[in-house]
Number of protein chains: 2
Amino acid sequence: MVTLKDISREVGLSVTQVSRALGGHADVNRDTRDKVQRMATRLGYRPNAIARSLKTGRSGIIAMIVAGSRDPQANAHLFEIVMGLSAEISALGLQFVLHVGQTGADTTQLHADLYRSGGIDGFVLIGPAPDDPRIACLLRLGAPFIVHGRDPAQSHAFVDIDNFAVGETMADHLLHLGHRDIAFLNGPESEFFALERRRGVAAAFAKHGVTPDPALTLSIPMTEPNGRTNTLRLLDAARPPTAIIAGNTMLARGVYQATESRGLNVPRDLSILAHDDGLELFASESFDPPLGGTVAHLTTAWVTLSADLKQIIAGQDDPFHTRVLDLTFTKGLSACAI
Amino acid sequence: MVTLKDISREVGLSVTQVSRALGGHADVNRDTRDKVQRMATRLGYRPNAIARSLKTGRSGIIAMIVAGSRDPQANAHLFEIVMGLSAEISALGLQFVLHVGQTGADTTQLHADLYRSGGIDGFVLIGPAPDDPRIACLLRLGAPFIVHGRDPAQSHAFVDIDNFAVGETMADHLLHLGHRDIAFLNGPESEFFALERRRGVAAAFAKHGVTPDPALTLSIPMTEPNGRTNTLRLLDAARPPTAIIAGNTMLARGVYQATESRGLNVPRDLSILAHDDGLELFASESFDPPLGGTVAHLTTAWVTLSADLKQIIAGQDDPFHTRVLDLTFTKGLSACAI
DNA sequence: CGCTAATTCCGAAACGTTTCGGACGCAACC
DNA sequence: GGTTGCGTCCGAAACGTTTCGGAATTAGCG
């Protein structure tokens, strides 16, 4: 390993000055700076990240810890998130590492251990539960972190979308089209975003003076198979829905599959709207007919999320960074008047 | 952050002795050891991983760097690998980090940079290409690493299976059953394992005095959709195969889908064998009828792989650790005599 | 009592980096 | 000529840990 000392010996300067030269400080002569830089590249010098971290107290490493899942689609989705985040964070000159815990493991302790043993500057949390113990733990430790989504019970930095509006917008659109029997394939209502969406849907119903059938709102993990089987079940019911709102494009894919296997036409026999996170694997343009619904690209979330986290790590976090991103709505061709 | 100095001040000992007490060294009194340990837990001491790494030159971190893929199944598969590896490595008291590069990025430089800037003890490589530049790079740097699979062009530590036997065993079984028109959905023959399997299949054909139809061997990424579409194409050919060998349970899933959509009976109309890596998401027991073929669980690969890598890092790597794991064969109910 | 040996402890150095507080030489200024 | 200021440079300390080489105390033994 080639160190600053090697360079300093070679060019006949002190370690201090070599460090300052490479660090781009002011009080070093142009010529010596060039000389040092040339020697550094000639020797193939790479600053030792460990030593630098020890001195500065910063490692430049941002971690995300997840418990693996048994569900292939959940994993594929997670992996897409990881890739988006990773790209954004390395664009900021930081390192992103993913730590996969055992399936179903409690990652709270892992967060704490990893932080307290140094070497991690901050964390990204996704899919917060109500009263999420990870958030409580990181707050207690004073560790920098940011959440995608939010836990209303605790005050912390987050990047989120307006999930109330997600539910309200789509339900309102369908109600305007005359639909009354509207099924809602919601995400797991153990998470805050799903509760918000349900509230939004309820608000739209109330606005139109319609009382929704509670049996038509389902709280399920948002995967393709879940979308398919639950849609089939709904269609087999005594009074099948005329429209379906899906929380996700993966769910929507399942809904489309169900209509196809039943020989139904979208949107004539069944209107479909879904919230689109902009996942590449389930792009709304790949649906036939084109899928309508609310849109909020995750990729835009990653850029503000990582930028905010960087600031938090730098220490300018006095008012908590809380961002609610914009939402758009596309009509698509998957919903029509009844 | 609570350090050794804090403990030493509290119990009235030197930092040295506190370190030795916690490290479990011999020359420290029973009583003082206990006293130190109690104080350490009382203060919530966690050794600083950075400082320890700097001194010992070991971080206990093993990294795997992958370029993300656009293919959801490839990602899900990769994620399953990551989870298996991660579990095994943390069981050894080491840390596993996954570094996801940009899709299609050259990870060679990333390996080099990460290693030369310290902080990474060793690497796990998967899916080696012929003359893999990552292997060449790590060999040049003298970095500890181990490969799942192998690159015959370079000498390195690896854990692999006998892929020649994979091809030979399954082809031999089908030939014994009287099949002659045997299709082989092989993995990408840009990788060594696929070439070996093809050689094995060819050897079995030669043993039976049969000359195979080259048009029946396909070199394709091993995913479900690829299995489905290519099987359909094969079945539509002038002389459709009576049996199919799939390189993978994901491919096999696609083959099953194709037979189903054509209304064919397995194994009466089409015999199917596949190599089974023991992936949970595509478990052979979940096939109907039960899938036959060669079996080699990846999970067993991870335990020897991580144990070997640990030894390599410790420095006992004089003879390269090269392991070829056992293979079994299950008949299943997916293949019958013609 | 003097010698050795065992037990228990500690100071200091080291890992590679950053940074604080100065030092040195030299020009400019009153 | 003394003071100030500027441009370059450097020694030393620090981050928290491990470890080498001893030192101090006690016990055993002739």
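A phosphate oxygen of DNA strand C sits 3.3 Å from a polar backbone atom of A:N48, and that contact is a handy place to start. This is a predicted model, in which local features need pLDDT of at least 70 and side-chain atom pairs count only at pLDDT 80 or more, while totals for chains, interfaces and linings use all residues. Residues are numbered from 1 along each chain as its sequence is written, chains are lettered from A and ligands numbered from 1 in the order in which they are written, and side-chain values use heavy atoms, with hydrogens and water left out.

**A:N48 and its surroundings**

Stay with A:N48 for a moment. You'll find A:N48 in the loop between α3 (30-43) and α4 of chain A. Helices here are DSSP runs of H or I with at least four residues, strands are runs of E with at least two, and both are numbered from the N terminus. With a relative accessibility of 19%, A:N48 counts as buried; the label means under 20% relative accessible area, with exposed over 50% and partly exposed in between (1.4 Å probe, protein chains only). A polar atom of the A:N48 side chain lies 2.8 Å from the backbone nitrogen of A:I50. Setting aside neighbours within four places in sequence, A:N48 is in contact with A:M1 and B:S117, where contact means heavy atoms within 4.5 Å.

**DNA strand C**

Now for the rest of the strand C surroundings. There are 24 residues around DNA strand C, and the closest are A:L4, A:S19, A:Y45, A:K55 and B:D27. A residue is near a strand if one of its heavy atoms lies within 4 Å of it. Of the strand C atoms within 4 Å of the protein, 58% belong to sugar or phosphate and the rest to bases. A base oxygen of DNA strand C is 3.2 Å from a polar side-chain atom of A:T16, and a phosphate oxygen of the strand lies 3.0 Å from a polar backbone atom of B:N29. The elements giving two or more residues to this surface are α2 and α4 of chain A, along with α2 and α4 of chain B. By residue type, the surface near DNA strand C divides into nine nonpolar, ten polar and five charged. In that sorting, Ala, Val, Leu, Ile, Met, Phe, Trp, Tyr, Cys and Pro are nonpolar, Asp, Glu, Lys and Arg are charged, and the others, Gly among them, are polar.

**DNA strand D**

On to the other strand. DNA strand D has 23 residues around it, of which A:D27, B:L4, B:S19, B:Y45 and B:K55 come nearest. Of the strand D atoms within 4 Å of the protein, 57% are sugar or phosphate and the rest belong to bases. Here are polar contacts to strand D, meaning pairs of N or O atoms within 3.5 Å (within protein, one must be able to donate a hydrogen and the other to accept it, and residues adjacent in sequence count only if both atoms are side-chain atoms).

| Protein atom | Atom of DNA strand D | Distance |
|---|---|---|
| A:N29, polar backbone atom | phosphate oxygen | 3.2 Å |
| A:K55, backbone N or O atom | base oxygen | 3.4 Å |
| B:L4, polar backbone atom | phosphate oxygen | 2.7 Å |

The elements that give two or more residues to the surface near DNA strand D are α2 (15-23) and α4 (49-56) of chain A together with α2 (15-23) and α4 (49-56) of chain B. That surface divides into eight nonpolar, ten polar and five charged residues.

**How the two chains relate**

Chain B superposes on chain A by a rotation of 180° with 0.0 Å of shift along its axis, at an RMSD of 0.1 Å. That's the relation of a two-fold axis. The same surface serves both copies, since 97% of the contact residues of chain B recur in chain A. The fit is by least squares on C-alpha atoms of residues with pLDDT of at least 70 in both copies.

**Inside chain B**

Over all chains, the structure holds five aromatic pairs. In one of them, the ring centres of B:Y256 and B:F287 are 4.9 Å apart and the planes are at 70°, so the pair is edge-to-face. Rings of Phe, Tyr and Trp (its six-membered ring) pair if their centres lie within 6.5 Å; planes under 30 degrees apart are stacked, over 60 edge-to-face, and the rest tilted. B:Y256 lies in helix α11 (residues 249-261) and B:F287 in the loop between β9 (271-274) and β10 (293-295) of chain B, so the pair ties together parts 31 residues apart in sequence. Both B:Y256 and B:F287 are buried.

B:A183, in strand β6 (residues 182-186) of chain B, is buried at 0% relative accessibility.
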